Amino acid sequence: NPNLAEAHCVKAHLFEEQGKKVEATSEMETAVRLDPELWEVNREAARLLFRQGRIRDSIPYFEKAASLSETDWHNAGMLISCYRETGDRDQMRRAAQRTVERTEKAIAADPSNSTVLAAGVTALAAIGEEERAKDWIDRALLLDPDNNIMRYNLACALTTDLNDRDRAIEVLEP
């Protein structure tokens with residue numbers, strides 16, 4: 001359906017995976033034009049722009065997606081990286097606090113979700129809750145030791161905010 005924004009999001013995602021940046025961007029622009037209030041549109045636009053290295057351009061879409069769903073911890077968490085990159089420490093702390101609140105709720109609902117734990121670690125580390133972040137790291141590694149994407153995200157938090165490069169190497173070693 002050419003008038004369905006979600007369909008254009010799917011096409012944008014597929015084009016991007018195929019390395020067709022121009023086509024992906026065109027499909028995403030169509031999706032945004034069709035339904036700029038849709039969570040999926042904002043999430044996909046933010047993801048695409050972020051992956052293109054257009055961090056500043058991705059921020060309004062991550063913000064919109066996070067505002068459209070009170071349970072959306074992922075887009076709230078992506079804002080931590082975006083604001084870190086742009087040097088906006090106040091907005092980074094705000095995004096981190098929102099991410100902590102949302103990951104806490106998600107973990108309460110599913111205590112074994114290591115992906116949510118890793119997002120929470122990033123947020124906790126960004127707001128200076130070092131011990132709690134380290135506890136969540138241990139828990140995530142215990143729950144899902146073979147999850148390499150999670151390990152990468154934990155190592156990023158260990159390097160950027162927890163200043164523990166030795167532990168980051170240890171987390172990445174497997």
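Buried here means under 20% relative accessible area. By that yardstick, helix α2 of this predicted model tucks away Ala24, Thr25, Glu27, Met28, Thr30, Ala31 and Val32. The cover over these residues includes α1 (5-17), α3 and α4. The helix itself passes a simple ruler check: α2 runs over residues 21-34, and at 1.5 Å a residue its 14 residues should span 20 Å, which agrees with the 20 Å between its end C-alpha atoms.

Next along the chain comes α3, and the ruler works here too. Its 13 residues should span 18 Å at 1.5 Å a residue, and its end C-alpha atoms are indeed 18 Å apart. The buried set in α3 is made up of Val41, Asn42, Glu44, Ala45, Ala46, Arg47, Leu48 and Leu49, with α1, α2 and α4 among the elements that cover them. After α3 comes glycine 53, which has a positive phi, near 80 degrees.

Helix α6 gets the same treatment. With 21 residues at 1.5 Å each, α6 should span 30 Å, and the distance between its end C-alpha atoms, 30 Å, agrees. Buried in α6 are Met92, Ala95, Ala96, Arg98, Thr99, Val100, Arg102, Thr103 and Ile107. Their cover includes α4, α5, α7 and α8.

As for the nonpolar interior, the largest core counts 38 residues, and Ile80, Val121, Ile137 and Leu154 have the most contacts inside it. Two or more residues apiece come from α4, α5, α6 (89-109), α7, α8 (130-143), α9 and α10 (165-172). The top contributor is α7, with 9 residues. Leucine 154 gives a feel for the packing: setting aside neighbours within four places in sequence, its contacts are Ala118, Val121, Ile137, Ala140, Leu141 and Val171. There is also a second, separate core of 11 residues, and Ala5, Cys9, Val32 and Leu48 belong to it. Two of these names have already come up, Val32 among the buried residues of α2 and Leu48 among those of α3.

Then there is the empty space. The largest pocket has a volume of about 690 Å³. Its lining takes in 24 residues, with Phe50, Gly77, Met78, Ser81 and Asn153 nearest the centre. Helices giving two or more residues to this lining are α3 (39-51), α4 (55-68), α5 (73-86), α7 (114-126) and α9 (148-160). Of these, α5 gives the most, with 8 residues. Sorted by character, the lining comes out as 12 nonpolar, 8 polar and 4 charged residues.

Helix α5 also holds arginine 84. This residue counts as partly exposed because its relative accessibility is 25%, and the partly exposed class sits between the 20% and 50% cut-offs. Not counting residues up to four places away in sequence, arginine 84 touches Arg89, Met92, Ala126, Thr160 and Asp161. One of these partners, Met92, is a buried residue of α6. Phenylalanine 15, by contrast, is 69 residues from arginine 84 in sequence and 28 Å from it in space, C-alpha to C-alpha.

One backbone oddity rounds things off. Most residues other than glycine have a negative phi. Asparagine 163 has a positive one, near 50 degrees. The residue sits in the loop between α9 and α10. At 56% relative accessibility, asparagine 163 counts as exposed, since that class begins over 50%.

Definitions and conventions
Residues are numbered from 1 along each chain as its sequence is written. This is a predicted model: local features need pLDDT of at least 70, side-chain atom pairs count only at pLDDT 80 or more; totals for chains, interfaces and linings use all residues. Side-chain values use heavy atoms; hydrogens and water are left out. On a 1 Å grid over the protein atoms alone, a cavity is a set of points where a 1.4 Å probe fits but cannot get out, and a pocket is an open set with protein on both sides within 12 Å along at least five of seven lines; lining residues have an atom within 4 Å of a point. Grid points are joined across faces, edges and corners, and a volume is the space filled by probe spheres set on the points. Helices (H or I, at least four residues) and strands (E, at least two) are DSSP runs, numbered from the N terminus. Ala, Val, Leu, Ile, Met, Phe, Trp, Tyr, Cys and Pro count as nonpolar, Asp, Glu, Lys and Arg as charged, and the others, Gly among them, as polar. A nonpolar core is a set of buried Ala, Val, Leu, Ile, Met, Phe, Trp, Tyr and Cys residues joined through side-chain atoms within 4.5 Å. Buried means under 20% relative accessible area, exposed over 50%, partly exposed in between (1.4 Å probe, protein chains only). Contact means heavy atoms within 4.5 Å. The expected span of a helix is 1.5 Å times one less than its number of residues.
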